[in-house]
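Here are some exercises for getting to know a new structure, each followed by a worked solution. Try each task on your own before you read on.

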Number of protein chains: 2
Amino acid sequence: MVVSIIGLGLIGGSMSLALQGKGFASRVIGVESKPEHAARAVELGLADICLPLDEAVAESDLIIIATPINATEKILPLVLDRVEKQVIFDVGSTKSIMCRLVAQHPKRGRFVATHPMWGTENSGPDAAVKHAFAQKATVICNADESDLDALQLVKDIYALLEMHLVYMEADAHDMHVAYISHISHITSFALANTVLEKEREEDAIFELASGGFESTVRLAKSNAAMWVPIFMQNRDNVLDVLNEHISQLRKFKSCLEKENYDYLQELIENANGIRRILK
Amino acid sequence: MVVSIIGLGLIGGSMSLALQGKGFASRVIGVESKPEHAARAVELGLADICLPLDEAVAESDLIIIATPINATEKILPLVLDRVEKQVIFDVGSTKSIMCRLVAQHPKRGRFVATHPMWGTENSGPDAAVKHAFAQKATVICNADESDLDALQLVKDIYALLEMHLVYMEADAHDMHVAYISHISHITSFALANTVLEKEREEDAIFELASGGFESTVRLAKSNAAMWVPIFMQNRDNVLDVLNEHISQLRKFKSCLEKENYDYLQELIENANGIRRILK
């Protein structure tokens, strides 16, 4: 199958490697706005060739949109305008705005809204890795708005990548990812800024940082070009969770200020409840 | 060398396995307040036998204190009262109170205050792992208050464990670990509570949680019995960092509320600076 991938970064590039590795993609056409990314993607084997959007769509059976979410918003309607029987799916981290945007498009059925729950803190073609995605979840949103054959193809692809599928309405998806993913990134960014602001002796960070710090701050390496649009699109949900998170932190602060260590113990034991969910 | 280890949990147990593995400890005597931990520690090979404190100290060349920091505060003076030529070191996460507490003890020189910067979110004898510690840092505090031979022995032990040494005054240590370790735990506990409080659909967390969430929340599994005393002892430093962290989070909140996405981008790019320090 000829596959076009628009955006050959972390997700698009890893998707290309996976679909080539599984023998699904006989040819990969890349679409890249940055010439240096296009060249690098071909060099890394993420695409056989890079072409302009129109040509890529015309030559493909399947189009995957893997750009930052603000670019996807512009690209998806353009692609829908150009498809006949081809199938399109995106891999963006928010879904409500996207789904509303194309709800009335005559070709809406050719599009499947997906969110594979895999990523790293890296970006660009060099961030692409082999064997990504396996054993993680992919959310498919508003599945009943997609044509049955389009949905089936996308389900088959994610099965090939060894992912399990979760079905959700777009609004529910965006609320859940605010908790599961977006707030983790904000706390990590804020933690990095806390340490960089106050801990002027960077040598001390470098020498002392152990696994706990690294795992909490790892996400702070994540790319602004990807994350600002996510926070814009999921603003209301993220603000809800952020407000709750600040009020949870204030409880810890209050315990320390008042030296109420019984309540501090209770807060920690409550947090330990996360063991029920994360093994 | 006969080694007594007081507290055969995550750190003490892993230390036992390392010192036996390297052929340094010919015999390990455990001291455990909980009978079930004592039995389990012997079963797991973390100690040859468990004995009461007095007997253990009398029979040992080296005494390692690896209890929660509030217990160490009580145990260290008792051990110092009982040693002749033996060497003692602790592995606690805070150092100022401990060092002040024994500063005037006639046997102070036999004690070396250390903090190996390694750990996991697990606790108890079953949390002990082989091959812990290697390639991480150990901080030695107030080294000039220890006898030269005691200091040399402890330096040799950490070299054997393949750790590199950092020397600091106890007060500086406690300030740095508030940034590098303690705040990460508070944010992780608070994040777990945020999610557990608001995300009532635990199935959604379970299904969608990906690597980013897991790494940020992993520390929230950490034991209250270990962490409450750390936060008590390092209260002032932790409050400083926590206040700064809350004010950093408020900047993200304000960006979202005011839809000031240029500043949001700036905050994220600033956080990316952590790449300079953490590879």
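**Exercise 1. Place B:Cys99 in this predicted model: in which helix does B:Cys99 lie, and is B:Cys99 buried or exposed?**

Step 1. Start with the element: B:Cys99 belongs to helix α5 of chain B, which covers residues 96–102.

Step 2. Next comes the neighbour count. A residue needs 20 or more other C-beta atoms within 10 Å to be called buried. B:Cys99 has 20 C-beta neighbours inside 10 Å, so B:Cys99 counts as buried.

Step 3. Now look at the contacts beyond four places in sequence: B:Cys99 touches B:Ala113, B:Cys141, B:Asn142 and B:Ala170.

Step 4. Finally, take a distance. From B:Cys99 to B:His176 there are 77 residues in sequence, and the C-alpha atoms are 16 Å apart in space.

**Exercise 2. Work out the sheet of chain B: what is the order of its strands, and which strands stand at the edges?**

Step 1. Follow the strands across: the order is β3-β2-β1-β4-β5-β6-β7-β8 in chain B, an open sheet of eight strands with mixed pairing.

Step 2. Go to the ends of that order. β3 and β8 (164–168) of chain B each have a single partner strand, so one side of each has no neighbour in the sheet.

Step 3. Look at one pairing beside an edge. β2(B) and strand β3 (residues 49–50) of chain B run parallel and are joined by two bridges. Here B:Gly30 has B:Cys50 as its bridge partner.

Step 4. Move to the other side of β2(B). Strand β1 (residues 2–6) of chain B runs parallel to β2(B), with five bridges between them. One bridge partner of note is B:Val28, which faces B:Val3.

Step 5. Check the cover on strand β2 (residues 27–31) of chain B: four of its five residues are buried.

Step 6. Trace the helices between these strands. Helix α1 (residues 10–21) of chain B forms a right-handed β-α-β unit with β1(B) and β2(B). Helix α2 (residues 35–43) of chain B does so with β2(B) and β3(B), again right-handed.

**Exercise 3. Examine strand β4 of chain B: which residues are buried on each of its sides?**

Step 1. Recall the general pattern: side chains in a regular strand alternate between the two faces of the sheet.

Step 2. Apply it to strand β4 (residues 62–65) of chain B. B:Leu62 and B:Ile64 are buried on one side, and B:Ile63 and B:Ile65 are buried on the other, so both faces are covered.

Step 3. Find the partners. β4(B) is parallel to β1(B), with four bridges, and B:Ile65 is the bridge partner of B:Ile6. β4(B) also pairs in the parallel sense with strand β5 (residues 87–90) of chain B over four bridges, where B:Ile63 is opposite B:Ile88. The chain passes from β4(B) to β5(B) through helix α4 (residues 69–82) of chain B, in a right-handed β-α-β crossover.

Step 4. Follow B:Ile64 outward. Apart from neighbours within four places in sequence, its contacts are B:Val3, B:Ile5, B:Ile6, B:Gly12, B:Met15, B:Phe89 and B:Val91.

Step 5. Put B:Ile64 in its wider setting. The largest nonpolar core holds 192 residues, and A:Ile64 and B:Ile64 have the most contacts inside it.

**Exercise 4. Turn to chain A: how many residues do its two domains bring to their contact?**

Step 1. Mark the bounds: the domain assignment puts 2–169 in domain 1 and 173–276 in domain 2 of chain A. Their C-alpha centres lie 30 Å apart.

Step 2. Count both sides: 15 residues of domain 1 of chain A are in contact with 15 residues of domain 2 of chain A.

Step 3. Name the elements on the domain 1 side. Those giving two or more residues are α4 (69–82), α5 (96–102) and β7 (137–141) of chain A.

Step 4. Sort that side by class: six residues are nonpolar, six polar and three charged.

**Exercise 5. Describe the contact between the chains: which element of chain A gives the most to it?**

Step 1. Begin with the totals: 81 residues come from chain A and 81 residues from chain B.

Step 2. List elements of chain A that give two or more residues; among them are α7 (170–198), α8 (202–208) and α11 (235–258).

Step 3. Pick out the top contributor: α7(A), with 21 residues.

Step 4. Divide the chain A side by class: 46 nonpolar, 19 polar and 16 charged residues.

Notes
Residues numbered from 1 in each chain as written. Chains lettered and ligands numbered in written order. Predicted model: local features only at pLDDT ≥ 70, side-chain atom pairs only at ≥ 80, totals over all residues. Buried ≥ 20, exposed ≤ 12 C-beta atoms within 10 Å, placed from the backbone. Pairing = 2+ DSSP bridges. Right-handed = clockwise from strand over helix to strand, strands pointing away. Core = buried A, V, L, I, M, F, W, Y, C linked by C-beta atoms within 7 Å. Contact = placed C-beta atoms within 7 Å. Domains from an automatic or database assignment. Nonpolar A, V, L, I, M, F, W, Y, C, P; charged D, E, K, R; others polar.
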